[in-house]
Amino acid sequence: QVQLVESGGGLVQAGGSLRLSCAASGRTVSSYAIGWFRQAPGKEREFVAVISRSGGSTSYKDSVKGRFTISRDNARNTVNLQMNSLKPEDTAIYYCAGTSSGSTWFVPRWKNEYDNWGQGTQVTVSS
């Protein structure tokens, strides 16, 4: 079982940038497809981005395409989410999640497909 810990959240003005990191321990992060999800107050947890085990396949929520980039750093056993041009509607708790199911190119977008979750990091974007 892998343990996942998010970091890098904070308060930023609209148009600013943040980089979130998901650090894995217990297993190598390259054994897992890693997804990022977010949950705003009173809303369901929603998919943001995912990277496959191979790192060769990614998928993004439509509203973050062109602004967010997910990447692997296997040497540091982390997965990063670079978030640029942030908007107030990006405000949420961001969670990373991992699954070892599926092929090395698998990019799951549904939260029920993941069985390992971090505790989350708060991102607040002020207008």
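The legends below accompany several close-up views of one predicted model. Residues are numbered from 1 along each chain as its sequence is written, and side-chain values use heavy atoms, with hydrogens and water left out. Because the model is predicted, local features need pLDDT of at least 70 and side-chain atom pairs count only at pLDDT 80 or more, while totals for chains, interfaces and linings use all residues.

**View 1. D73 and its surroundings in strand β7.** Here we look at D73, which sits in strand β7 (residues 68-73); strands are DSSP runs of E with at least two residues, numbered from the N terminus. D73 is buried, with a relative accessible area of 18%; buried means under 20% relative accessible area, calculated with a 1.4 Å probe on protein chains only. Neighbours within four places in sequence aside, D73 is in contact with T78 and N80, where contact means heavy atoms within 4.5 Å. T78 of β8 is also the bridge partner of D73.

**View 2. The hairpin of β7 and β8.** Follow the chain from β7 to β8 and you meet a hairpin with four residues between the two strands. One turn residue to look for is N77, with a positive phi of about 55°. The two strands run antiparallel and are joined by six bridges; strands count as paired if DSSP finds at least two bridges between them.

**View 3. Strand β8 and its partner β3.** How much of strand β8 (residues 78-83) is buried? Five of its six residues are, leaving the strand mostly covered. β8 also pairs with strand β3 (residues 18-25), in the antiparallel sense and over six bridges. Within this pairing, A23 has T78 as its bridge partner. T78 is thus a handy residue to keep in sight, being the bridge partner of A23 and of D73.

**View 4. The disulfide of C22 and C96.** A search of the whole structure finds one disulfide, defined as a pair of cysteine sulfur atoms within 2.5 Å. This link joins C22 to C96, with an S to S distance of 2.1 Å. The link is right-handed, with 70° about the S-S bond. C22 belongs to strand β3 and C96 to strand β9 (residues 92-99), so the pair ties together parts that are 74 residues apart in sequence. Both C22 and C96 are buried.

**View 5. Strand β9 among its partners.** Seven of the eight residues of β9 are buried, so the strand is largely enclosed by the rest of the structure. Which strands run antiparallel to β9? Strand β4 (residues 33-39) is joined to β9 by seven bridges, and I34 stands opposite G98. Strand β11 (residues 121-126) is joined by three bridges, with I93 opposite Q122. Strand β10 (residues 116-117) adds two bridges, and there N116 is the bridge partner of G98.

**View 6. The largest pocket.** This pocket has a volume of about 170 Å³ and 14 lining residues, with R38, K43, E46, K61 and E89 nearest its centre. A pocket is an open set of points on a 1 Å grid over the protein atoms alone where a 1.4 Å probe fits, with protein on both sides within 12 Å along at least five of seven lines; lining residues have an atom within 4 Å of a point. The lining divides into nine charged, three polar and two nonpolar residues.

Note on methods:
Buried means under 20% relative accessible area, exposed over 50%, partly exposed in between (1.4 Å probe, protein chains only). Grid points are joined across faces, edges and corners, and a volume is the space filled by probe spheres set on the points. Ala, Val, Leu, Ile, Met, Phe, Trp, Tyr, Cys and Pro count as nonpolar, Asp, Glu, Lys and Arg as charged, and the others, Gly among them, as polar.
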